[in-house]
Amino acid sequence: MRFMVLVKANPDSEAGVMPSAEMVEKMGVYNNDLIAAGVMLDGGGLRDSSKGARVNFDCPKPVVI
């Protein structure tokens with residue numbers, strides 16, 4: 001089974017503010033545990049949500065918002 005871990009953006013993350021050194025270290029330990037267990041397939045990130053789009057499928061035709 002594959003899954004994606006997402007962290008919801010906030011004004012700081014959208015502005016490029018990095019998390020604290022403690023948080024980065026904790027995520028590094030967690031990621032290393034996943035790698036050691038053989039379950040992490042990719043650690044690449046996504047683009048900022050400000051560069052994305054939302055698609056509404058509730059209309060007769062899909063609408064890009």
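So, salt bridges. Searching the whole structure turns up one. And since this is a predicted model, let me say that up front. Which residues make the bridge? Glu22 pairs with Lys26, and their closest N and O atoms sit 3.3 Å apart. Both partners are in helix α2, four residues from each other, so to speak about one turn of the helix. Buried or exposed, these two? Glu22 and Lys26 are both exposed.

Staying with charge for a moment: the protein carries 7 positive and 8 negative side chains. If you take the centre of each set, the two centres are 11 Å apart.

Okay, how much should we trust the picture? The average pLDDT for the protein is 87, and 97% of the residues score at least 70. Helix α2, residues 21-36, has the highest confidence, at 93. The lowest is in helix α1, residues 11-14, with a mean of 90. Our salt bridge, remember, is in helix α2.

Now the layout. You've got two helices and two strands, and going along the sequence they come as α-α-β-β. Why do I call the protein spread out? The radius of gyration is 16 Å, well over the 11 Å that the globule rule gives for 65 residues, so the protein is more spread out than a compact globule. If you'd like that as a box, the C-alpha trace spans about 45 × 30 × 15 Å along its principal axes.

What about burial? Of the 65 residues, 0% count as buried. The accessible surface of the protein adds up to about 6400 Å², and 59% of that belongs to carbon and sulfur atoms.

Let me finish with one residue, Ala9. Where is it? Ala9 is in the segment before α1. Its relative accessibility is 37%, and because partly exposed covers the range between 20% and 50%, that is the class Ala9 falls into. Then there's Ala9 against Met40: they are 31 residues apart in sequence, and their C-alpha atoms are 22 Å apart in space.

To go back to where we began: one salt bridge in the whole structure, made by Glu22 and Lys26, with both residues exposed. That's it from me.

Terms used: Residues numbered from 1 in each chain as written. Predicted model: local features only at pLDDT ≥ 70, side-chain atom pairs only at ≥ 80, totals over all residues. Heavy atoms only, no water. pLDDT = per-residue confidence, 0-100. Salt bridge = Lys/Arg side-chain N within 4 Å of Asp/Glu carboxyl O. Buried < 20%, exposed > 50% of the residue type's maximum accessible area, 1.4 Å probe, protein only. Rg over C-alpha atoms; globule rule 2.2 N^0.38 Å. Areas by Shrake-Rupley, 256 points an atom, 1.4 Å probe, with all protein chains shown as cover. Lys, Arg positive; Asp, Glu negative; His and termini not counted. Charge placed at Lys NZ, Arg CZ, Asp CG, Glu CD.
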